[in-house]
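Reader: I am new to this structure. Please pick one part, look at it closely, and then show me what else to notice elsewhere.

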Amino acid sequence: MAPIVELRAVGKSYGNIHALRDVDLAVHAGRVSCVLGDNGAGKSTLIKIISGLHRHTTGELLVDGEPARFSTPRDALDRGIATVYQDLATVTLMPVWRNFFLGSELTRGRWPFQRLDIPRMRSVADAELRAMGIVLDDVDQPVGSLSGGQRQSVAIARAVHFGARVLILDEPTAALGVKQSGVVLRYVAAARERGLGVVFITHNPHHAYLVGDHFTVLRLGTVELSADRADVDLDHLTHQMAGGAELDELRHELTGDSAP
């Protein structure tokens, strides 16, 4: 099947600084594309291009096989591309259902007597969360009372409900422990099973390998590795993430051993 979103030789420059060079990436329905890299590798720039925050300088961005240039994140959302950032953009003191519909509230009645349709929003939020396998004691509880993994899961369910075809997850497990990371990874797999194309941004190769179908390792804005799951094992992925050839050279310099 043709990819929903595809980057062909995409680059991004800020004056004389090249944040990305010749990056290729294909996002398919029902597959998790993992983008890995250390700080400064270009992951954030890549997210901003796909989500409409920044325009690419060179190369092509295609959506459903057609060239696209987003001016705003709304343009990307209108094409079904949703991004869940690390800070989640939630209001901690508001209830779960209110955060679920934040900015897209349902109303009833006609202006000037229009009011929020709270019962319907509560019902829809609860049903959508359960459809993703997220069962909360009460959707009226403040979202700040949820664990980090649960909050990430609510954000994922929200994006699915509002029509996302491509879901970009910005380091969703970065600040979580092992158990809560497992919660998030289960819902990443659930989003894939519902037919979404998922872009999973992470610096953790172990988390990526648990759910990934394709792996792209960025280093200083360029692609260090691009491989399907069948063509790479966890050891090799970890090695590339840690520095690859440079790490081998450093080992040889420090120990005198030959690089593998």
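Author: The close look starts with one strand and its partners, then moves to a pocket, some rings and a few backbone details.

This is a predicted model, in which local features need pLDDT of at least 70, side-chain atom pairs count only at pLDDT 80 or more, and totals for chains, interfaces and linings use all residues. Residues are numbered from 1 along each chain as its sequence is written, and side-chain values use heavy atoms, with hydrogens and water left out.

Start at strand E10, residues 197–202. Helices (H or I, at least four residues) and strands (E, at least two) are DSSP runs, numbered from the N terminus. E10 is mostly covered: six of its six residues are buried. Buried means under 20% relative accessible area, exposed over 50%, and partly exposed in between, with a 1.4 Å probe and protein chains only. Gly 197, Val 199 and Ile 201 point one way from E10. Val 198, Phe 200 and Thr 202 point the other way.

Now the partners. Two strands pair if DSSP finds at least two bridges between them. Strands of a sheet pair through backbone hydrogen bonds, either parallel or antiparallel. E10 runs parallel to strand E9 (residues 166–170), with five bridges joining them. Here Val 166 stands opposite Gly 197. E9, helix H6 (residues 178–193) and E10 make a right-handed β-α-β unit. Right-handed means this: with the strands pointing away from the viewer, the path from the first strand over the helix to the second runs clockwise.

E10 also runs parallel to strand E3 (residues 32–36), again over five bridges. Val 32 stands opposite Val 198. Ser 33 has Val 199 as its bridge partner in E10. E3 is largely enclosed by the rest of the structure, because five of its five residues are buried. Val 32, Cys 34 and Leu 36 lie on one side of E3, Ser 33 and Val 35 on the other. E3 pairs with E11 too, in the parallel sense, over four bridges. There, Val 35 has Thr 216 as its bridge partner.

Move to another sheet. Four strands form an open sheet in the order E2-E1-E4-E5, and the pairing is antiparallel. Its edge strands are E2 (17–27) and E5 (66–67), each pairing on one side only. Strand E1 (residues 5–14) and strand E4 (residues 58–63) are joined by five bridges. Leu 7 has its bridge partner, Leu 61, in E4.

Next, the space. The largest pocket holds about 750 Å³. On a 1 Å grid over the protein atoms alone, a cavity is a set of points where a 1.4 Å probe fits but cannot get out, while a pocket is an open set with protein on both sides within 12 Å along at least five of seven lines; lining residues have an atom within 4 Å of a point. Grid points are joined across faces, edges and corners, and a volume is the space filled by probe spheres set on the points. The largest pocket has 30 lining residues, and the closest to its centre are Leu 77, Ala 82, Thr 83, Arg 158 and Ala 159. Helix H2 (73–78), strand E6 (81–84), helix H3 (96–100) and helix H5 (148–161) each supply at least two residues of the lining.

Now the rings. The whole structure has four aromatic pairs. Rings of Phe, Tyr and Trp (its six-membered ring) pair if their centres lie within 6.5 Å; planes under 30 degrees apart count as stacked, over 60 as edge-to-face and the rest as tilted. Phe 100 and Phe 162 form a tilted pair, 6.4 Å centre to centre with 40° between the planes. Phe 100 lies in helix H3 and Phe 162 in the loop between H5 and E9, so the pair ties together parts 62 residues apart in sequence. Phe 100 is buried, at 0% relative accessible area. Phe 162 is partly exposed, at 37%. Tyr 209 and Phe 215 form a stacked pair: 5.5 Å centre to centre, 15° between the planes. Both Tyr 209 and Phe 215 are buried.

Last, the backbone. Most residues other than glycine have a negative phi, and most peptide bonds are trans. Trp 111 and Pro 112 are joined by a cis peptide bond, with omega about 10°. Asp 22, in strand E2, has a positive phi of about 50°. Asp 22 is exposed, at 55% relative accessible area. Leu 220 also has a positive phi of about 50°. Leu 220 lies in the loop between strand E11 (214–219) and strand E12 (222–228).
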